Amino acid sequence: MHTFRCTDGSIVTTHWMEAARAWGRPVFPIAIAWDGRKHQKRPLTEHGHHDATMDVDGIDWTGANGFGLPMGDGLYALDVDTYKSVREPMAWMTQFNIDPKFTRAHKTVSGGAHLIFKLPIGFENLLGRQNIVPGLDARGAGGWIAFGEGYSVHNDCEPVTLGTRVCEDIRDNHSGKGVVRGGCDPISIGGRPDKALIAKVQNLVDRRRKFGDRLPAKDGDRSAHLFAIAYWMRRYNFTPEEFASTVAYLSPSGGHVLDMKHDWQAERALGRAWNYNSGVGNAELTRKMQGFAKWMK
C-alpha cells in the first residue's frame with residue numbers, strides 16, 4: 001500500500017496506486033464513475049493519455065480513483081465484455097490459438113476482462129479495433145485501458161506475444177469493409193419467407209417451447225436471441241437461408257438486422273450466429289467458453 005499527496009493537501013492511501021507504481025510503464029490519473037448506465041472512465045489531465053508519465057509520485061491524484069494505461073509501443077489489450085457475449089470472443093480467440101490463461105489479465109469494473117499482450121516485431125503500434133466480434137474490442141496505439149477502484153489483477157504474469165496471424169487480421173480488417181470477421185461465412189438475408197417456410201417455422205414453435213419463447217422476444221441481448229434461434233433451427237435441419245429469412249421477417253428480436261447500416265454487417269451477424277453456437281456441436285469451443293467464464297469469476 002502507498003500514500004500519495006493531492007494538491008488540496010489531502011493524503012490518499014490505496015492499493016490501486018500501488019498497482020500504478022508496480023506497472024512499470026507510464027500512467028495518468030482518471031476518475032471512474034457510474035452514470036446510471038455504465039461505468040465512465042474520464043482522464044483528469046489536460047491532454048489525457050498524452051500526459052502519461054513514469055513519475056507516479058509527481059502525478060496530481062486529486063479526484064482520481066484509478067489510472068489509465070496507454071497501449072501501443074509494443075503493448076496491446078483485448079477488451080472482453082462478458083456481459084455482452086462470451087461465446088463469440090472465445091470462438092474468435094480459439095480461431096487464433098489465443099489462450100487467455102497464459103497472459104496478463106485484469107478483471108474490469110463491469111465484470112469483463114482486459115487481456116494484455118506484447119506485440120511482435122513490425123506490429124509495435126498496431127491500432128485498436130472496435131467490435132471484432134460482439135463482446136470483443138481491442139486497444140492499441142492511441143488507446144488506453146483503465147485500472148482502479150472495482151478492478152483487480154486476475155492473472156499476474158508477463159504479457160505473452162500475440163501471433164502475427166492475429167495481428168494481420170486485426171490490421172487488414174480494421175475498416176471492416178466487406179469483411180466477415182471471426183472466420184465464418186456470411187449469410188445473405190434474401191427474400192421474405194414463403195408459406196412453406198412459415199408453416200415449417202410454426203411447426204417448430206409448436207414442438208419446442210424454448211424456440212417459441214425466443215422467436216418473438218423483443219428485449220434483452222439481441223445476439224443471444226440470434227444464437228438461440230440458430231441453435232434450434234440447426235438442430236431441426238433448417239438451411240442457413242431459411243434461418244436468415246426467419247430472423248429478418250418473423251422475429252422482432254432479429255429485426256435489427258434489417259436496420260444495420262451495411263449489408264455486410266447484417267450478413268456477418270447472421271453468419272456468426274449460425275456458425276458459433278452450441279448447436280454446431282463444437283464441444284472443444286463450448287468447453288473453452290465455460291472454462292473462461294468460470295476463470296473470470
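**Exercise 1. Determine how E3 and E4 pair, and over how many bridges.**

Step 1. Strands E3 and E4 run antiparallel and share 5 bridges. Strands here are DSSP runs of E with at least two residues; helices are runs of H or I with at least four, and both are numbered from the N terminus. Two strands count as paired if DSSP finds at least two bridges between them.

Step 2. Pick out one bridge: Trp-34 has His-39 in E4 as its partner.

Step 3. Inspect the hairpin. It has 4 residues between E3 and E4, and Gly-36 there takes a positive phi near 100°.

The model is predicted: local features need pLDDT of at least 70, side-chain atom pairs count only at pLDDT 80 or more, and totals for chains, interfaces and linings use all residues. Residues are numbered from 1 along each chain as its sequence is written, and side-chain values use heavy atoms, with hydrogens and water left out.

**Exercise 2. Place E3 in its sheet, and find which strands stand at the edges.**

Step 1. Turn to the other partner. E3 (residues 28-34) pairs with E5 (residues 66-70) in the antiparallel sense, over 3 bridges. Pro-29 stands opposite Phe-67 in E5. Ile-30 stands opposite Gly-66 in E5.

Step 2. Write the order. The open sheet has 4 strands, E4-E3-E5-E11, with antiparallel pairing.

Step 3. Name the edges. E4 (39-43) and E11 (144-148) each have a single partner strand, so one side of each lacks a neighbour in the sheet.

Step 4. Add the twist. Neighbouring strands are turned by 40° against each other on average, direction ignored. The axes are lines fitted to C-alpha atoms, for helices over the stretch in contact; angles run from 0 to 180 degrees between N-to-C directions.

Step 5. Check burial. In E3, 5 of the 7 residues are buried, so this strand is largely enclosed by the rest of the structure. Buried means under 20% relative accessible area, exposed over 50%, and partly exposed in between (1.4 Å probe, protein chains only).

**Exercise 3. Identify the residues that touch the most other members of the largest nonpolar core.**

Step 1. The core has 24 residues, and Leu-78, Trp-92 and Ile-98 touch the most other members. A nonpolar core is a set of buried Ala, Val, Leu, Ile, Met, Phe, Trp, Tyr and Cys residues joined through side-chain atoms within 4.5 Å.

Step 2. List the suppliers. E6 (75-80), H2 (87-95), E8 (113-118), E9 (129-133), E10 (136-139) and H3 (164-172) each give at least two residues to this core.

Step 3. Follow Leu-78. Leaving out residues up to four places away in sequence, Leu-78 touches residues including Trp-92, Met-93, Ile-98, Phe-117 and Ile-132. Contact means heavy atoms within 4.5 Å.

Step 4. Look beyond this core. Apart from it lies another core, of 23 residues, among them Ala-20, Phe-67, Met-71 and Ile-116.

**Exercise 4. Decide which residues of H4 are buried, and where they lie around the axis.**

Step 1. Get the length. H4 (residues 195-207) has 13 residues and reaches 18 Å from first C-alpha to last, close to the expected 18 Å. That expected span is 1.5 Å times one less than the number of residues.

Step 2. Find the buried side. Leu-197, Val-201 and Leu-204 are buried in H4. They cover an arc of only 55° around the axis, which puts them on the same side of H4. The arc uses the directions from the helix axis to the C-beta atoms.

Step 3. Turn to the opposite face. The face turned away from the buried side carries the exposed residues Lys-195, Ala-196, Asp-206 and Arg-207.
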